[in-house]
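Hi,

Here is the structure I promised to pass on. Have a look at it first, and then read my notes on its aromatic rings below.

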Amino acid sequence: MSLLVAERSWLTDPEAAAGAVNELKNHILVPHANQIPVIESEARFKAVAAGRRFGKTKISASILIDKMLERPNSIGWWVAPEYKNVKRGYMEIVAQIPPSLLAKPAPPSTSQNLILHFKNGSVIEFYSAANADAMAGAAVDYVVFDEAGLVGSGDAWNQLIRPTLMDRKGGALFISTPRGKNWFWEICMRGLSKHVGDRDWAYWHYTSLDNPTIPDIEKEVEESRRIMPEMFFRQEIMAEFISAAASIFNLEHPDAVLNGIAEPNGQTVFMGVDLAQKEDFTVITASRAGDRVPVYHDRFNSLRWADQRERIRMAIRELEDRGAEDVRVGVDATGVGSAVVEEMENEGMNIEKIKFTNQWKESAVGVLARDLQNGDAHILRDQIDEFEHYEYKITPSGNYKFESSVGHDDEVSAKLIENFMHHQLGNAEFKVIPTGEPEAAVKDTGLPTKLTTGDDADPLRDRLNNPAAWGGASGRSGRGFR
Ligand SMILES: Nc1ncnc2c1ncn2[C@@H]1O[C@H](COP(=O)(O)OP(=O)(O)OP(=O)(O)O)[C@@H](O)[C@H]1O
Ligand SMILES: [Mg+2]
């Protein structure tokens, strides 16, 4: 272990050596069984696709530190998609280095210039791939690319990083949770390829289950299977390279699709309205609070706002006549919708205004997909077609786009709003709060209010309970989702 010979005095002075052993114990990472093959492989280029919380950042930090100690005067780079991932890696590396090995104290993680100088002359520099131009042209010995799957293209690697490894025959470790078949997938496939040009490459695949250091990992993963939409589970936990586009809603649960509407039976009813814009339809859907069974559905294509408002009023009146205790209405209040909502409010209606942003949609689609898959939310048989054609697409940078492959998505949009109302105002399992709402908005939900940051202290479940963590770029703020 190169750490042991890093400080010469340890070899001659028994007291210094004893102190050093204690220091090492506090810092050095003992790899778990599934991290060992990655450490021991002598391949020059290593790619690891692994599920969330496998221990990717920890093992990469350990490997990079070891490389720096093995060869004095080495240069190491830690590269990650965005500053926040970089900072997380920096903190992990600092935690793993016994301070006595550093020539000067590690700068605070907020420093503009994150750099670590070892006493043996080695240096680790930290870069964000989002700001690839900052990568100084040097002869680099080892590069770690953490969360490589979340970087839009291989340009930073091909054009800026790979050439720096030429002089000193440097190596690289790419480690990430997959995000579709993008450049990281291509890198991983080089590790599987038998082609002579790829013989420097090695590849490993691990799921979140392969981290034996997380207590009760099987139970945690089972819980995630239950709460996550299947496609996110396969990607984030099982580390599968799922295809870049496919239908998102799984309607196989026997309770997912119902034949007709039921009566409100004295319950509160949550209504979602997607207003027609341009050539669209207006869709009004509603379901009762207790079991989310649909109690109302209407679809029409009048573009006159007055007609649309009148139909919403009629729907509320009808539901009240049929015994609804209360009807809570959610409307997409973005764009032209905001004027309609304002008029309805002027008429004395109590409307929940939904800001239908991309981020809101990403969260709401994930939650609805999960709820349908578990039979907790229900659609009507007539709506099947639109739900089956509702697709996700993974962009090269690992973001999601949700849209209909056939055109109309108004049924889905109305249902997203309705289902959101159940989570926000009803008794659905966890709260989805509108993007950008202050923390206080969830203070009395009885749910944890801590934001998900990816800290070690966060149990797996905390991350997975957070729909933001299923989809958006890793490390993106979890604000807005519960
Ligand atoms: N060798 C190890 N010894 C002890 N704990 C470990 C080890 N490897 C991983 N862990 C634990 O597993 C958890 C995840 O580690 P880490 O943050 O490195 O995973 P990750 O795969 O980078 O996660 P994410 O997908 O959130 O980025 C941490 O709580 C960490 O303490
Ligand atoms: Mg990590």
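Which residues do ring pairs link into a cluster? They are F45, F145, W157, F174, W183 and W201. Keep in mind as you look around that this is a predicted model.

Some background on the rings: searching the whole structure turns up 16 aromatic pairs. Take W157 and F174, whose ring centres are 4.8 Å apart with the planes at 90°, so this pair is edge-to-face. You'll find W157 in helix α6 (residues 155–164) and F174 in strand β6 (residues 171–176), so the pair ties together parts that are 17 residues apart in sequence.

F174 also pairs with W183: here the ring centres are 6.1 Å apart and the planes sit at 85°. Planes over 60 degrees apart count as edge-to-face, so the pair of F174 and W183 gets that label too.

Are these three residues buried or exposed? W157 is buried, at 4% relative accessibility. F174 is buried as well, with a relative accessible area of 1%, and W183 is buried at 8%. The reasoning is just a cut-off: buried means under 20% relative accessible area.

Rings don't just meet other rings here, so try these two spots next. The charged end of R299 sits over the ring of F281, 3.9 Å from the ring's centre. Then there's R311, which lies over the face of F300, with 4.1 Å to the ring centre.

Have fun clicking through it!

Cheers

Methods: Residues are numbered from 1 along each chain as its sequence is written. Chains are lettered from A and ligands numbered from 1 in the order in which they are written. This is a predicted model: local features need pLDDT of at least 70, side-chain atom pairs count only at pLDDT 80 or more; totals for chains, interfaces and linings use all residues. Side-chain values use heavy atoms; hydrogens and water are left out. Rings of Phe, Tyr and Trp (its six-membered ring) pair if their centres lie within 6.5 Å; planes under 30 degrees apart count as stacked, over 60 as edge-to-face and the rest as tilted. Helices (H or I, at least four residues) and strands (E, at least two) are DSSP runs, numbered from the N terminus. Buried means under 20% relative accessible area, exposed over 50%, partly exposed in between (1.4 Å probe, protein chains only). A charge sits over a ring if NZ of Lys or CZ of Arg is within 6 Å of the ring centre and within 35 degrees of the ring normal.
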